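Good morning, colleagues. Please look at the model on the screen, and I will take you through the fold, the packing and the contact between the copies.

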There are 2 protein chains.
Amino acid sequence: MAKTNPPFMSGVPELLLLRLLDGTEMYGYELVRSVREVTGEAISLGEGVIYPVLHSLERNGALRSRRKPVGGRTRVYYSLTAKGRKRLKDLSADWTRIQGGIATALGASIHA
Amino acid sequence: MAKTNPPFMSGVPELLLLRLLDGTEMYGYELVRSVREVTGEAISLGEGVIYPVLHSLERNGALRSRRKPVGGRTRVYYSLTAKGRKRLKDLSADWTRIQGGIATALGASIHA
DNA sequence: CTGAATACATCGAATATCGAGGTATCAGTA
DNA sequence: TACTGATACCTCGATATTCGATGTATTCAG
């Protein structure tokens with residue numbers, strides 16, 4: 001049984017990739033490892049998640065890519081476009097709003 | 001165009017409802033308003049979200065319901081079962097892990 | 001020569017969120 | 001009486017996206 005829509009993960013891959021690519025260009029396989037690192041091992045995204053998201057972001061115009069041969073292998077490096085930076089800003093705002101709302105709900109002792 | 005899988009909302013309705021029902025019984029329509037309140041207006045869930053989630057949680061054994069006539073209308077009050085309390089605990093842990101991971105990723109200045 | 005790591009990619013399954021629409025009762029008011 | 005808005009429940013279809021599995025090919029270490 002393939003677990004889909006896993007709790008709290010919708011939109012997360014996109015946000016993380018945009019964040020990682022903000023200011024530096026990186027390639028897919030590198031991003032797989034980086035996601036684990038920058039989230040303190042809390043979140044792990046497989047290649048089956050990373051690559052499709054990368055492709056869809058590029059189709060959208062949020063990313064641009066260039067192929068670069070490195071030591072015989074070919075890597076596809078991605079970087080943010082202006083559109084991608086805006087998308088990151090918007091997504092971050094969404095995230096902040098929702099996480100704030102949930103923090104309030106979980107934190108407060110709701111019932112007198 | 002029906003927007004599905006909206007960013008960051010997967011699992012959120014379930015978590016919020018379980019949290020609200022932790023310690024008090026409430027009915028559907030009341031929960032719609034309560035979600036807005038306890039999240040500080042940050043999150044709003046329509047009836048088309050609330051009722052299906054309520055039904056699915058009951059089918060799961062996380063909630064139990066009883067019908068109660070109030071002033072001519074009939075309300076369906078829901079309350080947590082032991083299973084529901086465990087589910088709330090587990091979901092909260094998931095949430096905390098993921099929100100921690102994202103906070104780390106967004107906060108840190110990743111690129112030297 | 002073999003196996004692990006690197007690097008890209010695609011596929012099918014599952015699923016739960018959302019807005020819209022539907023029914024009915026009750027309270028207030030014109 | 002008739003109308004309106006709030007209360008209270010419900011169902012339905014669209015759909016995007018996450019995930020694990022699987023596949024290909026190259027490089028490097030032993």
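Read from one end of the sequence to the other, chain A follows the pattern α-β-α-α-β-β-α. In total, its secondary structure amounts to four helices and three strands. I should say at the outset that this is a predicted model. Along the principal axes, the C-alpha atoms of chain A fill a box of roughly 65 × 35 × 25 Å. Of the 112 residues in chain A, 27% are buried. As for the contacts within chain A between residues at least 6 apart in sequence, 49% join residues at least 24 apart.

Let me turn to the sheet, for which I will use chain B. In what order do the three strands of the open sheet run? The order is S1-S3-S2 in chain B, with antiparallel pairing. The edge strands are S1 (26-27) and S2 (63-70) of chain B, each of which pairs on one side only. As general background, strands of a sheet pair through backbone hydrogen bonds, either parallel or antiparallel.

How many bridges join S2(B) to S3(B)? There are eight, and S3 of chain B covers residues 73-80. On the other side, two bridges join S1(B) to S3(B), and these strands also run antiparallel. In that pairing, B:Met26 stands opposite B:Tyr78 of S3(B).

S2(B) and S3(B) form a hairpin with two residues between them. One residue in the turn, B:Gly71, has a positive phi of about 55 degrees. Beside the turn, B:Val70 belongs to strand S2 of chain B and stands opposite B:Arg73 in S3(B). Is B:Val70 buried or exposed? B:Val70 has 9 other C-beta atoms within 10 Å, and the limit for an exposed residue is 12 or fewer, so B:Val70 is exposed. Between the C-alpha atoms of B:Val70 and B:Thr104, which are 34 residues apart along the chain, the separation is 48 Å.

Next, the first helix. In chain B, helix H1 (residues 12-21) lies across S1, S2 and S3, and runs at about 95 degrees to S3(B). In chain A, eight of the nine residues of H1(A) are buried, so this helix is largely enclosed by the rest of the structure. The buried residues are A:Val12, A:Pro13, A:Leu15, A:Leu16, A:Leu17, A:Leu18, A:Arg19 and A:Leu20. What covers them? The cover includes strand S1 (26-27), helix H2 (28-38), helix H3 (47-60), strand S3 (73-80) and H4 of chain A, together with helix H4 (82-107) of chain B.

A residue of the last helix illustrates this packing. A:Leu91 lies in helix H4 of chain A. Leaving aside residues up to four places away in sequence, A:Leu91 touches A:Gly11, A:Glu14, A:Leu15, A:Leu18 and B:Pro7. Two of these partners, A:Leu15 and A:Leu18, are among the buried residues of H1(A). With 19 other C-beta atoms within 10 Å, A:Leu91 is partly exposed, because a buried residue needs 20 or more. The C-alpha atoms of A:Leu91 and A:Met9 are separated by 13 Å, although these residues are 82 residues apart along the chain.

That brings me to the contact between the chains. It takes 33 residues from chain A and 33 residues from chain B. On the side of chain A that touches chain B, the elements that give two or more residues are helix H1 (12-20) and helix H4 (82-107) of chain A. Which element gives the largest share? H4(A) does, with 13 residues. By residue type, this side of chain A divides into 17 nonpolar, 13 polar and three charged.

Finally, the symmetry. In general, two copies of a chain are related by a rotation about an axis and a shift along it. Here, a turn of 180 degrees and a shift of 0.0 Å along the axis lay chain A on chain B with an RMSD of 0.1 Å. The two copies are therefore related as by a two-fold rotation axis. The same surface serves both copies, as 100% of the contact residues of chain A recur in chain B.

Thank you for your attention.

Notes. Residues numbered from 1 in each chain as written. Chains lettered and ligands numbered in written order. Predicted model: local features only at pLDDT ≥ 70, side-chain atom pairs only at ≥ 80, totals over all residues. Contact = placed C-beta atoms within 7 Å. Nonpolar A, V, L, I, M, F, W, Y, C, P; charged D, E, K, R; others polar. Least-squares fit on C-alpha atoms with pLDDT ≥ 70 in both. Pairing = 2+ DSSP bridges. Axes fitted to C-alpha atoms, helices over the stretch in contact; angles between N-to-C directions.
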